Protein chains: 2
Amino acid sequence: MHNPFRKDEGIAVPRAGLTVERLVQAGAELADEVGFDQVTVSAVARRFDVKVASLYSHLKNSHDLKTRIALLALEELADRSAHALAGRAGRDALAALAGVYRDYAREHPGRYAAARLRLDPETAAASAGVRHAQMMRAVLRGYGLPEPDQTHAVRLLGSVLHGYVSLELAGGFAHSSPDAQVSWEWILDRLDGLLTSLRPH
Amino acid sequence: MHNPFRKDEGIAVPRAGLTVERLVQAGAELADEVGFDQVTVSAVARRFDVKVASLYSHLKNSHDLKTRIALLALEELADRSAHALAGRAGRDALAALAGVYRDYAREHPGRYAAARLRLDPETAAASAGVRHAQMMRAVLRGYGLPEPDQTHAVRLLGSVLHGYVSLELAGGFAHSSPDAQVSWEWILDRLDGLLTSLRPH
DNA sequence: TGCACTTCCCTAAAGCCTATAGGCAAACTC
DNA sequence: GAGTTTGCCTATAGGCTTTAGGGAAGTGCA
């Protein structure tokens, strides 16, 4: 697979070149293919055609692997969000951010599930989760809401995005009309209207 | 625990009285205590002070156990919802339904997680999930929305409820002001206002 | 009451996963 | 090229899942 040399029946067995980064990357791919809860140290070892014990010099344990995959997913999602938000404001920014979440979840369901992993406070504080919060606030700042409305709106927006994407990923809207895409746009329109109507004048 | 007789060092070892119902009930309690993903056939067997293999005459496999816990949770949640909705309409009904979801998730986090388990189509179709959909539509019917708006609104409502409850359960709103309760009410108010404004006149 | 039959929980065993300890050889350092 | 470090290995132990088969407690009927 990743290192064809390792399966040779010859005498020389080159090293597999394992690094934490490669392991986490492989774990993320595995998550997208078979589901985040199916990601296991054993499965990743199998991908590299290497014995399981070999991974334990790179990873503390199974939870460590999953946490790192979660952090990777949060980074990727934050990067995409930052890129999509550049130069946008208002409804445009809202739609861009929402689109990033939805697309990421559909392209990388396993990673998206990983990003929902509950992190311990210190890890969370050092993660890209902070950037997510900042960007969400940035989008809402465009609507000029006073506090505490802005905070409430952050929570509403977070709930809608996460909730919709989760339900769609779980197949909740499949095989029923109207198409999920139409509802998505309808929801964004209503959300935009709501936020706009909250601006003090 | 459930059957003190079984640990007696005496000769007679009475039967444990295992039934699918008791196993599922114990599994649900276990889920609330240690998390749904920690629910295992072994752990349930331990609760009844019984060997693991004994459970396999009552349960097909581990997945069967989890599915049954999910179905139990869906039933309980649907029952509570039906009770809470009786005689209510409009904003009242909306708040009642939302309150049931939120309270259930906080009282029974493991069961709530179980309720989010992805069921195969036939199982889902025969589950209380159907009642959930009906009740959500019933709440929205009170707002007199035309189609396809009503469907969009069902999806929005589902997303907000599930999203908010998930995020709160994951600790997303803990240790930050304003209090999650305040945001919750704010969100319900906005949602009610939004739905009301959509009614054709 | 006695006997057959069913039900219930058991022991045994195999397979996969996590995790730790210790070993040998490849790769780097000087 | 010798010494050190690094990287992947074997071996091992414990936990969870699942199947196969056995023995004893309960049930029904003569």
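## Exercises on a predicted model

The crossing of helix 4 of chain B and helix 9 of chain B is right-handed. Keep in mind that this is a predicted model.

**Exercise 1.** Describe how helix 4 and helix 9 of chain B pack: at what angle do the axes cross, and which residues make the contact?

*Solution.* Start by finding the two helices: helix 4 of chain B covers residues 90–107, and helix 9 of chain B covers residues 180–198. Next, look at the axes, which come within 10 Å and cross at roughly 140°. Now pick out the residues in contact. Helix 4 of chain B brings B:Arg91, B:Leu94, B:Ala95, B:Ala98 and B:Arg102, while helix 9 of chain B brings B:Trp184, B:Leu188, B:Leu191 and B:Asp192. Finally, sort them by class: six are nonpolar, none polar and three charged.

**Exercise 2.** Find the surroundings of DNA strand D: how many residues surround the strand, and which are the closest?

*Solution.* The count is 21 residues. The closest come from both protein chains: A:Lys51 and A:Ala53, together with B:Ala53, B:Asn61 and B:Ser62. Then ask which element gives the largest share of this surface. That is helix 2 of chain B (residues 41–47), with three residues. By class, the surface near DNA strand D has eleven nonpolar, seven polar and three charged residues.

**Exercise 3.** Work out how chain A is divided, and how many residues each domain gives to the contact.

*Solution.* Chain A has domain 1 (4–57) and domain 2 (72–198). Their centres, taken over C-alpha atoms, are 33 Å apart. Seven residues of domain 1 of chain A and eight of domain 2 of chain A form the contact. On the domain 1 side, four residues are nonpolar, one is polar and two are charged.

Note on methods: Residues numbered from 1 in each chain as written. Chains lettered and ligands numbered in written order. Predicted model: local features only at pLDDT ≥ 70, side-chain atom pairs only at ≥ 80, totals over all residues. Domains from an automatic or database assignment. Contact = placed C-beta atoms within 7 Å. Nonpolar A, V, L, I, M, F, W, Y, C, P; charged D, E, K, R; others polar. Near = placed C-beta within 6 Å. Helix = DSSP H or I, 4+ residues; strand = E, 2+ residues; numbered from the N terminus. Axes fitted to C-alpha atoms, helices over the stretch in contact; angles between N-to-C directions. Left-handed = near helix turned anticlockwise from the far one by under 90°.
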